[in-house]
There are 2 protein chains.
Amino acid sequence: MNTYRSTTLKLILLFVGMALVSACSPPAEKEAAQPADSRAAVDLIIAGDYVISMDATGDVIKNGAVAVKDGFIIDVGTESDINKSYAATETLPGAGRIVMPGLINGHTHAAMTLLRGVADDLALMDWLNNYIFPAEVEFVDADFVRIGTELACWEMIRGGTTTFVDMYYFPDTIAQVVESCGLRSLIATTVIDQRSPDAENADDALRKGIEFIKRWKGKNNRIMPIFGPHADYTLNGEQLKAVRAAAIDLDVPISIHLSESPYEINYSKETYGMTSIDFMESIGFFDGPTIAAHVVWPTAEEIPILVKRKVGVIHNPTSNMKIASGISPVTEMLAAGVYMGLGTDGAASNNDLDMWEEMRLAALLQKVDQMNPEALPATAVLRMATSGGAEAIGLGDQIGALTKGLRADLIQVSFDDVHFVPTYDVLSHLVYVADEQDVASVVVDGKVLMRDHKILTIDTERVRREANELAGRIQAALAAKNKS
Amino acid sequence: MNTYRSTTLKLILLFVGMALVSACSPPAEKEAAQPADSRAAVDLIIAGDYVISMDATGDVIKNGAVAVKDGFIIDVGTESDINKSYAATETLPGAGRIVMPGLINGHTHAAMTLLRGVADDLALMDWLNNYIFPAEVEFVDADFVRIGTELACWEMIRGGTTTFVDMYYFPDTIAQVVESCGLRSLIATTVIDQRSPDAENADDALRKGIEFIKRWKGKNNRIMPIFGPHADYTLNGEQLKAVRAAAIDLDVPISIHLSESPYEINYSKETYGMTSIDFMESIGFFDGPTIAAHVVWPTAEEIPILVKRKVGVIHNPTSNMKIASGISPVTEMLAAGVYMGLGTDGAASNNDLDMWEEMRLAALLQKVDQMNPEALPATAVLRMATSGGAEAIGLGDQIGALTKGLRADLIQVSFDDVHFVPTYDVLSHLVYVADEQDVASVVVDGKVLMRDHKILTIDTERVRREANELAGRIQAALAAKNKS
């Protein structure tokens, strides 16, 4: 009887265990394809109730899927056709989800997430001189950049950004973080004519930048080291020409702040006798590929220069509004044929890295500025955040659309949140409703970086702890400084 | 042995059941206070790492709490002081949370959530004549209003709105939904001089409105029936005066669209020989309490009228941008002393009911419009969404701040999302970063409507199903109409 009881008990305890597991676990995923399968083997199939191509056709496939192999998109079609042709090692099921290209953040200073909200609602010079510059001088070192960039990558992956154009200090550290977290990035090594956290002056920054680019160019297809001369008011003409010469020599593009604020335009007029874009053209700065951030104040004569020189323009509506830089003539530039993308700028002037909000704000701001509700429709801003942004940063032949042969950078957006109910038009919902928190899964170069809202490539709790600890020290230091 | 086994089995199965319950349930709540407790009994204690009073003191209490009894706030202080003085039946623990007054959405058309995204990026007349009006004529009945209002209340509770000023048709149905879901609402019965979904013309609407107000006035402190004459371009002077006379007679305020668009201003000038606010003043329309939505185009001479007549102005930045109505002179009106709140307008022109976005957009839009980053700081827009909004809708002595004696309308916002890391300034984060999805718990009149992101007073899956079904029929009908 004892044995019997013991066996009964064991069986029942086994049942308890199984019941606990089955009651508390999510439903198991479907099995991967059978080995005897005649279908072509692929690494990943990503499905969605809607698959938004963002390619030239503008196709939206209902109940679609994307097949991925070796980091590339090898097919896009209906889910049933894709499942007939391909057997995948890994799948991202599509119920209640939209599949679309990953978002391209064309201008940010990732590590500055560590300074988000440190000082808001201040006049530009007070903000810069009493908060941002002192914090940077005292605290920006390789460790700050590592923690800040990890924090930014966490937020960007969470929100569906797959590529970002960064401009900050300690670019090797940025590249290491990007290499590890799996995002795609153009990393601009900052060149500025003042003592910075990682260089003595412009010459020193340029020299170090050249070495950085040589170290990283061609090493990893996700990491493109480029130059980031700061602006025409922080570098003189000779310095700007020297950076361009080095960029041509190393065959890399340049990212720069351009025509951002009334301050810059006045400075340029007083110093060079012309506005910023005219000045840049006059010194041959546009002789190589250029990604120009902001471009709030181009004159009617300067817009054709941007078109002719194929300058990619990155619109940053939140930052332009928050720092009161002005309203960029986005619709005029698009109509003229300028390549245009979107960016968040750094989180210190935003205060997040939410590309959904940039899309929404871009559309809303153009409408009220033009007093025309048809200005910059949802499809146009979605293009700026994906395929258009890819063109603007010089990667139009590699990313930005769900097209066979492009690199597999794509996301799934859940649309089961109450703010999507009901859904008449998914494109409209993506622009006028979606939040960072709706993004469910993120794939870059065929690798899943976030699955069902879980980040797979960053130790987020460590980053949170390190960021909070460092921010505590920064806050104490600024409080002491601004008291004295 | 059989009996023994049976008993053992029963005990073990009981254990299985208990194990399942204990493994799958969230941690049990702390026990309510002991009967022998000398502390005063309260219904609810809501704690937070930060408690933001939004009262005249502007106090932010670290590790604070609010004690609630019989629907009122009876004390606010540090968590340890509150716990020393009060024993609560129910608690909302505060780790990682901010406690603040519930948000006040000063202008919306709740049921129009059913039309969100049905038609975007269109010229106003195309939008109205080919989409909104046809959909309303064909589909708006009591059932549409019930489902749409439930959907809106779900979204508003989820996003931290505790009071809304509504203006739509079938106000009895709206009142029933509000009664059941637990929100607070001023429900404006629409008066418009055309055939509407619930009336033949302005006279009929006014007659029905009077009956509605008589039915609901004083019935439930959360439900305030009021009049909603649509605008000065959809009602003539005599009709507007008749509505005001009825409002004075019944002692209720009025909500109206005012000075919203260039169209309205031109209409008013051509029809009445003066701009809208001047015209309203000339007919004595402001002789009773008025909640004016939009007010985008007040002249310098009209702003003092708003101050003198204590007109509450509701700013709707998303709608004003999306429909291209213009940029409201919010900072001028605030400086002049106008009572100002914020609203989302209906979801058909927004396309959600997200008050966080309205706060952020209000701040950003004023800064760029004024070319001044100090314009409309975070604290000012937080005030517009809480205590200022309460004043603007005539409830400043009842809600809008965490002050002893006010009604207990308050929310908890989680700040553990990555976009809040690090946190230097909670007020800044609430305006420049927070989303609807960060709101964790919502209390109205002392009753918990959402706890840890779970809505307690609405059958959300039924509402989702009904909304999707109705939207499917609307979409099919509009497609057929716009094809023919």
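## A walk through a predicted model

In this predicted model, A:Ala293 and A:Ile314 are bridge partners, with A:Ile314 lying in strand 12 of chain A. That pair belongs to a set of 3 bridges by which strand 11 of chain A, residues 290-294, is joined to strand 12, the two strands running parallel. Between these two strands the chain passes through helix 10 of chain A, residues 303-308, and the resulting β-α-β crossover is right-handed.

Strand 12 of chain A also has a partner in strand 13, residues 339-342, to which 4 bridges join it, again in a parallel arrangement. Here A:Val313 stands opposite A:Met340 of strand 13. Looking along strand 12 itself, residues 312-315, one finds that A:Gly312 and A:Ile314 point one way while A:Val313 and A:His315 point the other way, and that all of these residues are buried.

From this strand we can step back to the whole of chain A, which has 17 helices and 17 strands. Its radius of gyration is 24 Å, close to the 23 Å that the globule rule gives for 484 residues, and therefore chain A is as compact as a globular protein of that length. Measured out along the principal axes, its C-alpha trace spans about 100 × 55 × 45 Å. Of the 484 residues in chain A, 62% are buried, and the surface that the chain exposes comes to about 17600 Å², with carbon and sulfur atoms supplying 53% of it. Among the contacts in chain A with a separation of 6 or more, 73% are between residues 24 or more positions apart.

A helix offers another view of chain A. Helix 3, residues 124-139, bends by about 30 degrees at A:Ile132, and a proline, A:Pro134, follows within four residues. Both A:Ile132 and A:Pro134 are among the buried residues of this helix, which also include A:Trp127, A:Leu128 and A:Phe139. The buried residues of helix 3 pack against helix 4, strand 7 and helix 17 of chain A.

Chain B lets us follow a strand that is enclosed. In strand 5 of chain B, residues 97-101, 5 of the 5 residues are buried, so this strand is largely enclosed by the rest of the structure. Strand 1 of chain B, residues 40-52, runs parallel to strand 5 and is joined to it by 2 bridges, and B:Val51 has B:Val99 as its bridge partner. Strand 14 of chain B, residues 410-414, runs antiparallel to strand 5, and 5 bridges join the two; in this pairing the bridge partner of B:Val99 is B:Gln412.

Some details of the backbone remain. Most residues other than glycine have a negative phi, and most peptide bonds are trans. In chain A, however, a cis peptide bond joins A:Asn350 and A:Asn351, with omega about 15 degrees, and A:Asn351 is found in the loop between strand 13 and helix 13. In chain B the peptide bond from B:Asn350 to B:Asn351 is cis, with omega near 15 degrees, and B:Asn351 is found in the loop between strand 13 and helix 13 of that chain.

Although A:Met54 is not a glycine, it has a positive phi of about 55 degrees; this residue is found in the loop between strand 1 and strand 2 of chain A, and it is buried, with a relative accessible area of 11%. A:Asp452, which is not a glycine, has a positive phi of about 50 degrees and is found in the loop between strand 16 and strand 17 of chain A, but A:Asp452 is partly exposed, with a relative accessible area of 43%.

Terms used: Residues numbered from 1 in each chain as written. Chains lettered and ligands numbered in written order. Predicted model: local features only at pLDDT ≥ 70, side-chain atom pairs only at ≥ 80, totals over all residues. Heavy atoms only, no water. Buried < 20%, exposed > 50% of the residue type's maximum accessible area, 1.4 Å probe, protein only. Pairing = 2+ DSSP bridges. Right-handed = clockwise from strand over helix to strand, strands pointing away. Rg over C-alpha atoms; globule rule 2.2 N^0.38 Å. Contact = heavy atoms within 4.5 Å. Areas by Shrake-Rupley, 256 points an atom, 1.4 Å probe, with all protein chains shown as cover. Bend = angle between axes of the 7 residues up to and from the residue.
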